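Here are a few exercises to work through with the viewer open. Try each one yourself before you read the solution.

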Amino acid sequence: MIDDTPPDDIPSTPDDDAEAVRREAGEAESSRASRSWWDRNADEYQLEHGEFLGDARFTWCPEGLDEADARLLGDPSALRGARVLEIGAGAAQCSRWLADQGALPVALDLSYRMLQHARRIDEQLDRVTPPLVQADATVLPFADGSFDLACSAYGAVPFAADTARLMREVHRVLKPGSRWVFSVTHPIRWAFPDEPGVEGLTATASYFDRTPYVEQDETGRAVYVEHHRTLGDRVRELAAAGFRLVDLVEPEWPEGLDSEWGGWSPLRGRHIPGTAIFVCVRD
Ligand SMILES: C[S@@+](CC[C@H](N)C(=O)[O-])C[C@H]1O[C@@H](n2cnc3c(N)ncnc32)[C@H](O)[C@@H]1O
């Protein structure tokens, strides 16, 4: 299912030269920007974070909360034989962990290069690669009721313009009673500079301003986009799509974790939440 043609819309502007602005960015522009940004940055992402992520570990966030401990996906024995959709899977580390529990994962991502990393890891480990699907999470290429569970660790949700549609799509492909569990940057972080040091502890923007964060090239074309929803927005989107929110997990920074991940650091982790994990059940 992987589109083997290399993306032809990779902007020539290096990311360092991009200009950061706040402006509207629709679905098509956001999707195009995300696909080419993650294609360009997949190698660096895996090099920088691959060790922390592990090849077959399911970690929800830079705070290092592991599914093996947190059990947010529900009864571990129910994973055996379950058809699981991982959204924004990157190099499919979580899908590998799920397969080790006896589940039948499908790893979906927008980025061809990210999925190539999934293949690379499986080749290195001499493992069978789970089905890899290159697609946008807002237009899922699956029949209604195809999955028993859906999950996402920081994949797709922060980058999609129309997350109400994404939630409806996930609802459509799940069977009734299934869980949908996803982690995102905690919405409160939107108000703070994305810096790991003390400058990241002073609110400089409005939590209520939903205008997207956009990095654009010299022609004004978006090369990276992030979309913000307040906690209330997320709850309303989930309810409107037909999900029941059963938990909202805000992992605390654990004692002894010294590593930083972009704007996530022990210093900031002691003061403000960095991750929100929504645990939902499809009606
Ligand atoms: C921060 S990475 C997380 C990857 C992986 N879950 C992990 O924990 O390493 C975000 C991933 O979401 C993917 N992504 C971004 N927008 C997407 C979309 N609209 N549909 C599907 N995947 C998307 C990116 O290609 C990238 O692999």
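pLDDT is the predictor's confidence in each residue, on a scale from 0 to 100. You'll want it from the start, since this is a predicted model.

**Exercise 1. Find out how far the model can be trusted, and where pLDDT stays under 50.**

Start with the whole protein: the mean pLDDT is 95, and 95% of the residues reach 70 or more. Then look for the weak stretch. Over residues 1-13 pLDDT stays under 50. The model does give that stretch 27 contacts beyond four places in sequence, so read them with the confidence values from 0 to 100 in mind.

**Exercise 2. Describe the overall build of the protein, and work out how its radius of gyration sits against the globule rule.**

Count the elements to begin with: there are seven helices and ten strands. The radius of gyration is 18 Å, and the globule rule gives 19 Å for 283 residues, so the protein is as compact as a globular protein of that length. Along the principal axes, the C-alpha trace spans about 45 × 45 × 40 Å. Now look inside: 42% of the 283 residues are buried. Finish with the contacts that have a separation of 6 or more: 73% of them join residues 24 or more positions apart.

**Exercise 3. Characterise the shell around the ligand: which residues come nearest, and which helix gives the most?**

The shell holds 19 residues, and the nearest are Trp-38, Gly-88, Gly-90, Ser-111 and Ala-137. Sorted by type, the shell has eleven nonpolar, six polar and two charged residues. Helix α1, residues 27-53, gives the most, with four residues.

**Exercise 4. Pick Ser-111 out of that shell and decide whether it is buried or exposed.**

Place it first: Ser-111 sits in the loop between β3 (104-109) and α4 (112-125). Next, count neighbours. Ser-111 has 24 other C-beta atoms within 10 Å, and the cut-off for buried is 20 or more, so Ser-111 is buried. Leaving out residues up to four places away in sequence, Ser-111 touches Arg-35, Trp-38, Asp-39 and Ala-42. For a check along the chain, take Ser-36: it is 75 residues away from Ser-111, yet their C-alpha atoms are separated by 7.4 Å.

**Exercise 5. Work out how β10 is set among its neighbours: which strands pair with it, and in what sense?**

Strand β10 covers residues 275-282, and seven of its eight residues are buried. One partner is β6 (residues 174-185), antiparallel to β10 over seven bridges. Use Ser-183 as a landmark here: it stands opposite Ile-277 in β10. Another partner is β9 (residues 243-249), also antiparallel, over six bridges. On that side, Leu-248 stands opposite Phe-278 in β10. When you follow the side chains, remember that in a regular strand they alternate between the two faces of the sheet.

Then bring in helix α5, residues 163-173. Its buried residues are Thr-163, Leu-166, Met-167, Glu-169, Val-170, His-171 and Val-173. They pack against β2 (83-87), β5 (147-153), β6, α6 (231-241), β9 and β10.

**Exercise 6. Say why α3 counts as largely enclosed, and where Asp-100 fits in.**

Seven of the eight residues of α3 are buried, so this helix is largely enclosed by the rest of the structure. The buried ones are Gln-93, Cys-94, Ser-95, Arg-96, Trp-97, Leu-98 and Ala-99. Their packing partners are α1, α2 (67-70), β2, β3 and β5. Asp-100 also lies in α3, but with 14 C-beta neighbours inside 10 Å it counts as partly exposed. From Asp-100 to Arg-57, 43 residues apart along the chain, the C-alpha atoms are separated by 9.7 Å.

**Exercise 7. Look at the positive phi values of Ala-92 and Tyr-154: which of these residues is buried and which is partly exposed?**

Take Ala-92 first. Its phi is near 65°, positive in a residue other than glycine. Ala-92 lies in the loop between β2 and α3 (93-100), and it is buried, with 29 other C-beta atoms within 10 Å. Now Tyr-154: its phi is about 60°, again positive without being a glycine. Tyr-154 belongs to the loop between β5 and α5, and with 18 other C-beta atoms within 10 Å it is partly exposed. To round things off, step just past α3, where Gly-102 takes a positive phi of about 95°.

Conventions:
Residues are numbered from 1 along each chain as its sequence is written. This is a predicted model: local features need pLDDT of at least 70, side-chain atom pairs count only at pLDDT 80 or more; totals for chains, interfaces and linings use all residues. A residue is near a molecule or strand if its C-beta atom, placed from the backbone, lies within 6 Å of it. Helices (H or I, at least four residues) and strands (E, at least two) are DSSP runs, numbered from the N terminus. Ala, Val, Leu, Ile, Met, Phe, Trp, Tyr, Cys and Pro count as nonpolar, Asp, Glu, Lys and Arg as charged, and the others, Gly among them, as polar. A residue is buried if 20 or more other C-beta atoms lie within 10 Å of its own, exposed if 12 or fewer, and partly exposed in between; C-beta atoms are placed from the backbone. Two residues are in contact if their C-beta atoms, placed from the backbone, lie within 7 Å. Two strands pair if DSSP finds at least two bridges between them. The radius of gyration is taken over C-alpha atoms; the globule rule is 2.2 Å times the number of residues to the power 0.38.
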